[in-house]
Amino acid sequence: QVQLVESGGGLVQAGGSLRLSCAVSGRTFSLYAMGWFRQAPGKEREFAAAISRSGANTYYVDSVKGRFTISRDNAKNTVYLQMNSLKPEDTAVYYCAADIRSREYVLLDHREYDYWGQGTQVTVSS
């Protein structure tokens with residue numbers, strides 16, 4: 001069983017920054033492709049960012065490109081989402097997700113992921 005625990009969410013003013021962390025249990029984190037998704041009130045869950053198992057490949061939804069950075073520390077079994085220049089439209093619950101099938105891909109479809117965290121709330125005030 002793989003467990004994911006997000007942290008780092010909170011309330012921030014527009015233009016501010018937050019760094020989300022997702023700690024992943026298990027000894028084979030380095031084999032997992034990871035992703036961040038978000039869900040705003042009344043909206044469907046949407047893809048935000050993804051990173052391949054090695055960290056060599058990343059991908060972002062257009063609305064966060066240039067502002068968000070996904071990274072991973074395989075020694076710490078943790079994936080991060082650095083969020084800069086935050087906007088009110090970034091307000092959402094942010095979820096991290098893990099694909100455990102040892103694929104060197106960035107995965108954009110939530111159906112590709114096997115495990116999910118409980119989510120962390122990010123609120124950006126105007």
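This is a guided tour of a predicted model, taken one selection at a time.

**Stop 1: the open sheet**

Select β1, β3, β8 and β7. These 4 strands form an open sheet in the order β1-β3-β8-β7, with antiparallel pairing. The edge strands are β1 (4-7) and β7 (68-73), and each of them pairs on one side only. Neighbouring strands of this sheet are turned by 15 degrees against each other on average, direction ignored. As background, strands of a sheet pair through backbone hydrogen bonds, either parallel or antiparallel.

Now keep β7 and β8 (residues 78-83) on screen. The two pair in the antiparallel sense over 6 bridges. For one example, pick Thr69 and look across to β8, where its bridge partner is Gln82.

**Stop 2: the loop after β7**

Select Asn77, which lies in the loop between β7 and β8. Is Asn77 buried or exposed? Asn77 has a relative accessible area of 19%, so this residue counts as buried, the cut-off being under 20%. Show its surroundings as well: leaving aside residues up to four places away in sequence, Asn77 touches Cys22, Ala23, Val24, Ser25, Gly26 and Phe29.

**Stop 3: strand β4 and its neighbours**

Select β4, residues 33-39. Of its 7 residues, 6 are buried, so the strand is largely enclosed by the rest of the structure.

Add β9 (92-99). β4 and β9 pair in the antiparallel sense over 7 bridges. Which residue of β9 is the bridge partner of Phe37? The partner is Tyr95.

Then add β5 (residues 46-51). The pairing of β4 with β5 is antiparallel and runs over 5 bridges. Met34 has Ile51 in β5 as its bridge partner. β4 and β5 form a hairpin with 6 residues between them, and in the turn Gly42 has a positive phi of about 75 degrees.

**Stop 4: aromatic rings**

The structure holds 6 aromatic pairs. Select Phe37 and Tyr113 to see one of them. Their ring centres are 5.4 Å apart and their planes stand at 80 degrees, so the pair is edge-to-face. The pair links distant parts of the chain, 76 residues apart: Phe37 is in β4, while Tyr113 is in the loop between β9 and β10 (115-116). Phe37 is buried, with a relative accessible area of 1%. Tyr113 is buried too, at 6%.

Next select Phe47 and Tyr59. Here the ring centres lie 6.2 Å apart and the planes are at 35 degrees, so the pair is tilted. Phe47 belongs to β5 and Tyr59 to β6 (residues 58-60), so the pair ties together parts that are 12 residues apart in sequence. Phe47 counts as buried at 11% relative accessibility, whereas Tyr59, at 36%, counts as partly exposed.

Finally, show Trp116 with these four residues. Phe37, Phe47, Tyr59, Tyr113 and Trp116 form one aromatic cluster.

**Stop 5: charged side chains over rings**

Stay with Tyr59 and add Lys65. Lys65 lies over the face of Tyr59, at 5.4 Å from the ring centre. Then move to Arg45, which lies over the face of Tyr95 at 3.9 Å from the ring centre.

**Stop 6: the nonpolar cores**

Select Met34, Trp36, Leu81, Met83 and Tyr94. These residues have the most contacts inside the largest nonpolar core, which has 29 residues. Which elements give two or more residues to this core? They are β3 (18-24), β4, β5, β7, β8, β9 and β11 (120-125). Apart from this core lies another, of 7 residues, among them Ala33, Phe37, Phe47 and Leu107. In soluble globular proteins, nonpolar side chains tend to be buried together.

**Stop 7: strand β11**

Select β11 and compare its two faces. Thr120, Val122 and Val124 make up the covered face, and Gln121, Thr123 and Ser125 the uncovered one.

Add β2 (residues 10-13), which pairs with β11 in the parallel sense over 4 bridges. The bridge partner of Gly10 in β11 is Val122. Then bring back β9: 3 bridges join β9 to β11, and these two strands run antiparallel. Ala92 stands opposite Val122 in β11. End the tour with Gly10, Val122 and Ala92 on screen together.

Notes:
Residues numbered from 1 in each chain as written. Predicted model: local features only at pLDDT ≥ 70, side-chain atom pairs only at ≥ 80, totals over all residues. Heavy atoms only, no water. Pairing = 2+ DSSP bridges. Axes fitted to C-alpha atoms, helices over the stretch in contact; angles between N-to-C directions. Phe/Tyr/Trp six-rings, centres within 6.5 Å; stacked < 30°, edge-to-face > 60°. Buried < 20%, exposed > 50% of the residue type's maximum accessible area, 1.4 Å probe, protein only. Lys NZ or Arg CZ within 6 Å of the ring centre and 35° of its normal. Core = buried A, V, L, I, M, F, W, Y, C linked by side-chain atoms within 4.5 Å. Contact = heavy atoms within 4.5 Å.
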